[in-house]
Amino acid sequence: MLLVRPTDAPDLPQDAADRLQDAHLAHQAGLVEQGLVLAAGPFLDPDDARLRGFAILAVDPAAARELYRNDPAVRAGRLA
């Protein structure tokens, strides 16, 4: 699963962006605790600035997409 920043991602004040990032990380941690995530993390200094992170999941692609539809950052339009 690749997480990308959409070109039309909303701009948020820093405090709101920080809260959203915390919620995203909490969602990710919940998936890890459930044993659904095998590996995940941010891309550091990617060639394409839209690339934000990745996750390798122990579920089929359709289930992975459904899990990430519930990610707060995806629901807010900051990640896709």
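**Notes on the core, the aromatic pair and the annotated domain**

1. A good place to begin is the largest nonpolar core, which has 11 residues in all: Leu-3, Leu-20, Leu-31, Leu-36, Val-37, Ala-55, Leu-57, Ala-64, Tyr-68, Ala-73 and Leu-79. Three elements, α1 (14–33), β3 and α2 (61–69), each supply at least two residues of this core. Please keep in mind that you are looking at a predicted model.

2. Ala-64, one of the core residues, is worth a click in your viewer. Leaving aside residues up to four places away in sequence, Ala-64 touches Met-1, Leu-57 and Val-59. Of these partners, Leu-57 is also listed in the core.

3. Now to the rings, where the count comes to one aromatic pair. Phe-43 and Phe-54 form this pair, with 5.9 Å centre to centre and 45° between the planes. The pair is classed as tilted because an angle under 30 degrees would count as stacked and one over 60 as edge-to-face.

4. Where do the two partners of the pair sit in the chain? Phe-43 lies in the loop between β2 (37–42) and β3 (51–57), while Phe-54 belongs to strand β3; they are 11 residues apart, and the pair links distant parts of the chain.

5. Are these two rings' residues buried, partly exposed or exposed? Phe-43 has a relative accessible area of 30%, so it is partly exposed. Phe-54 also counts as partly exposed, at 26% relative accessibility.

6. Finally, the record: an unreviewed UniProt entry lists residues 12–78 as "domain: YCII-related". Over residues 12–78 the chain is 49% helix and 19% strand, and the C-alpha atoms at the ends are 9 Å apart.

Key. Residues are numbered from 1 along each chain as its sequence is written. This is a predicted model: local features need pLDDT of at least 70, side-chain atom pairs count only at pLDDT 80 or more; totals for chains, interfaces and linings use all residues. Side-chain values use heavy atoms; hydrogens and water are left out. Rings of Phe, Tyr and Trp (its six-membered ring) pair if their centres lie within 6.5 Å; planes under 30 degrees apart count as stacked, over 60 as edge-to-face and the rest as tilted. Helices (H or I, at least four residues) and strands (E, at least two) are DSSP runs, numbered from the N terminus. Buried means under 20% relative accessible area, exposed over 50%, partly exposed in between (1.4 Å probe, protein chains only). UniProt positions are given in the numbering used here, feature names are shortened, and annotations may be inferred rather than shown by experiment. A nonpolar core is a set of buried Ala, Val, Leu, Ile, Met, Phe, Trp, Tyr and Cys residues joined through side-chain atoms within 4.5 Å. Contact means heavy atoms within 4.5 Å.
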